[in-house]
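Me: Can you walk me through this one? I'd like to start with a single residue and then go to the domains.

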Amino acid sequence: MAFTLIVNGESHTVRAAGDTPLLWVLRDELALTGTKYGCDSGLCGICMVHVDGETRPSCAMTLAEAAGRSVTTIEGLHGPLAETLRAAWRELEVSQCGYCQTGQIMAAAALLAASPAPDDAQIDRVMDAVVCRCAAYRRIRAAIYRTSRPGGEP
């Protein structure tokens, strides 16, 4: 069956079973490999993408569910907020192994778009959806603060 997806602002027609996970469509059909494979259950958040502006684990969303909706992957995350967030990530050397960073940045970008100056509780609530095995959570929080506030302090 054919489905039309809007990914990173471009329309794509994908021929696959409707129950194919969005993650595999992004990686295998559209060659957007920035979205990583993690738990395959929607629990670790590593495969996080934006669907109509909200974060969704792409392993837990089917092609049929994503059809006709706007999907943004790490490759399509652009604009001043995204660039400031990426700069903070680099400056604070947030990444250790880097595996969860795509999901972390996608979650942080959605948080900052919805709440430009989040407090600790908001950061914890949103960022808990993405597991970091290296436990870089303090640096992730610092990067979010640096992006959202002059001087980067809470």
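Reply: What follows is a short exchange about one residue and one domain interface. The model is predicted, so to speak of local features pLDDT of at least 70 is needed, side-chain atom pairs count only at pLDDT 80 or more, and totals for chains, interfaces and linings use all residues. Residues are numbered from 1 along each chain as its sequence is written, and side-chain values use heavy atoms, with hydrogens and water left out.

Me: Where is T35 found?

Reply: T35 is in the loop between α1 (22-29) and β3 (48-51); helices (H or I, at least four residues) and strands (E, at least two) are DSSP runs, numbered from the N terminus.

Me: Is T35 buried or exposed?

Reply: Buried, with a relative accessible area of 0%; buried means under 20% with a 1.4 Å probe, protein chains only.

Me: Which residues does T35 touch?

Reply: Leaving out residues up to four places away in sequence, T35 touches L23, L26, R27, C47, V49, S58, T73, I74, E75 and T102. Contact is heavy atoms within 4.5 Å.

Me: Switching topic, what are the domains?

Reply: Domain 1 is 2-76 and domain 2 is 80-148, with bounds from an automatic or database domain assignment. The contact takes 16 residues from domain 1 and 13 from domain 2.

Me: How many salt bridges across the interface of domain 1 and domain 2?

Reply: Zero by the rule, which asks for a side-chain nitrogen of Lys or Arg within 4 Å of a carboxyl oxygen of Asp or Glu.

Methods. Buried < 20%, exposed > 50% of the residue type's maximum accessible area, 1.4 Å probe, protein only.
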